[in-house]
Amino acid sequence: MTMRINIDCNGCYRKINRILLQTQGLENHWIERKQCMVSVSGVFVPQDVAIRLRKKTNRRVEILDIKEVDISNDGSITQKPP
């Protein structure tokens, strides 16, 4: 999932990073400061992560893209169509 959130300073960056590290179900996250974008991956409900970031940072969070992935029994990964 890719989100847009305003990242003004180092404090904002650290706060977002701390919130994402404490969130259950997230495997990886990338914070791009210049583009004000946050990408997360893992097993989670996208709206719950966005709401949590909104409440903790008191900033507007806009969900840009959600990619769902199916993992079959044989271990192969296929991307679901939108």
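A salt bridge here is a side-chain nitrogen of Lys or Arg within 4 Å of a carboxyl oxygen of Asp or Glu. This model is predicted, and the structure holds 2 salt bridges.

**The salt bridges**

Glu-62 pairs with Arg-4 in one of them, with the closest N and O atoms 3.3 Å apart. Arg-4 sits in strand E1 and Glu-62 in strand E4, so this contact ties together parts that are 58 residues apart in sequence. Arg-59 and Asp-8 form a salt bridge through their side chains, at 3.2 Å from N to O. This pair also links distant parts of the chain. Arg-59 belongs to the loop between H2 and E4, and Asp-8 to the loop between E1 and H1, 51 residues apart.

How exposed are these side-chain partners? The table gives the relative accessible area for each residue.

| Residue | Relative accessible area | Class |
|---|---|---|
| Arg-4 | 38% | partly exposed |
| Glu-62 | 32% | partly exposed |
| Arg-59 | 22% | partly exposed |
| Asp-8 | 52% | exposed |

The cut-offs explain the labels: exposed means over 50%, buried means under 20%, and partly exposed lies in between. Asp-8, at 52%, therefore counts as exposed. Arg-59, at 22%, is partly exposed because its value is not under 20%.

**The sheet**

The sheet is open and has 4 strands in the order E2-E3-E1-E4, paired antiparallel. Strand E2 (26-32) and strand E4 (61-65) are the edge strands. Each has a single partner strand, so one side of each is left without a neighbour in the sheet. On average, neighbouring strands are turned by 25° against each other, direction ignored.

Strand E1 covers residues 2-5 and strand E3 residues 37-42. These two strands pair in the antiparallel sense over 3 bridges. Within E3, Met-37 is the residue opposite Arg-4. Arg-4 thus appears in two settings: it stands opposite Met-37, and its side chain forms a salt bridge with Glu-62.

**The helices**

Helix H1 spans residues 10-22 and packs on the sheet. H1 touches E1, E2 and E3, and its direction makes about 170° with that of E2. Helix H2 spans residues 46-57 and lies across E1, E2 and E4. H2 runs at about 150° to E4.

**Putting it together**

Strand E4 stands at an edge of the sheet. Helix H2 lies across E4, and Glu-62 in E4 is tied to Arg-4 in E1. The loop between H2 and E4 holds Arg-59, whose partner Asp-8 is in the loop between E1 and H1.

Note on methods:
Residues are numbered from 1 along each chain as its sequence is written. This is a predicted model: local features need pLDDT of at least 70, side-chain atom pairs count only at pLDDT 80 or more; totals for chains, interfaces and linings use all residues. Side-chain values use heavy atoms; hydrogens and water are left out. Two strands pair if DSSP finds at least two bridges between them. Axes are lines fitted to C-alpha atoms, for helices over the stretch in contact, and angles run from 0 to 180 degrees between N-to-C directions. Contact means heavy atoms within 4.5 Å. Buried means under 20% relative accessible area, exposed over 50%, partly exposed in between (1.4 Å probe, protein chains only).
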